[in-house]
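Dear colleague,

I am handing over the structure we spoke about, with my notes on it underneath. Please read the notes alongside the coordinates.

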Amino acid sequence: MIGYGLAAIGPGVGIGLIFAAYISGVARQPEAQSRLQSIAILGFALAEALAIIGIALAFVLS
């Protein structure tokens, strides 16, 4: 479980970077919000999938 805790840092940082870029993009071009939002949600889902796979492997391997 300690290994999973360390592995969860990566997706956490990734999600933070995704939404930081989204907020920055919307602040620069508010008219592009709908397009940027769909890209940000897709990136969030992919990064979160890594965390879910990690916890599944932690339970399978322990």
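The notes below go from the chain as a whole to its helices and then to single residues.

This is a predicted model, in which local features need pLDDT of at least 70 and side-chain atom pairs count only at pLDDT 80 or more, while totals for chains, interfaces and linings use all residues. Residues are numbered from 1 along each chain as its sequence is written, and side-chain values use heavy atoms, with hydrogens and water left out.

On confidence, where pLDDT is the predictor's confidence in each residue, from 0 to 100, the protein chain averages 91, and 100% of the residues score at least 70. The lowest confidence falls in helix H1 (residues 2–7), with a mean of 79, whereas helix H2 (residues 9–28) has the highest, at 95.

The protein chain holds three helices and zero strands, in the order α-α-α from the N terminus on; helices (H or I, at least four residues) and strands (E, at least two) are DSSP runs, numbered from the N terminus. Along the principal axes, the C-alpha atoms fill a box of roughly 50 × 15 × 5 Å. The radius of gyration of the protein chain is 15 Å, where a compact globule of 62 residues would have one near 11 Å; the radius is taken over C-alpha atoms, and the globule rule is 2.2 Å times the number of residues to the power 0.38.

Of the 62 residues, 16% count as buried, a class that means under 20% relative accessible area, with exposed over 50% and partly exposed in between (1.4 Å probe, protein chains only). The accessible surface comes to about 4600 Å², and 74% of that belongs to carbon and sulfur atoms; these areas come from the Shrake-Rupley method with a 1.4 Å probe, and for residues, only the protein chains shown count as cover.

Helix H3 (residues 33–61) has 29 residues and reaches 42 Å from its first C-alpha to its last, close to the 42 Å expected at 1.5 Å a residue, the expected span being 1.5 Å times one less than the number of residues. Its buried residues are Ala40, Gly43, Ala47, Ala51 and Ala58, and the buried residues of H3 pack against H1 and H2, with contact meaning heavy atoms within 4.5 Å.

As for the record, UniProt lists "domain: V-ATPase proteolipid subunit C-like" (unreviewed entry) at residues 2–61, and it places the feature "transmembrane region" (unreviewed entry) at residues 6–27 and 39–61. UniProt positions are given in the numbering used here, feature names are shortened, and annotations may be inferred rather than shown by experiment. In the model, residues 2–61 are 92% helix and 0% strand, with end C-alpha atoms 13 Å apart. Residues 6–27 are 95% helix and 0% strand, with end C-alpha atoms 33 Å apart, and residues 39–61 are 100% helix and 0% strand, with their end C-alpha atoms also 33 Å apart.

Three residues may help you find your way around the model. Isoleucine 2, in helix H1, counts as exposed because its relative accessibility is 71%, and its C-alpha atom is separated by 25 Å from that of isoleucine 18, 16 residues apart along the chain. Alanine 8 lies in the loop between H1 and H2 and counts as partly exposed, at 27% relative accessibility; alanine 8 and glycine 54 are 46 residues apart in sequence and 7.6 Å apart in space, C-alpha to C-alpha. Leucine 17, in helix H2, counts as exposed, at 58% relative accessibility, and the C-alpha atoms of leucine 17 and phenylalanine 44, 27 residues apart along the chain, are separated by 9.8 Å.

With best wishes
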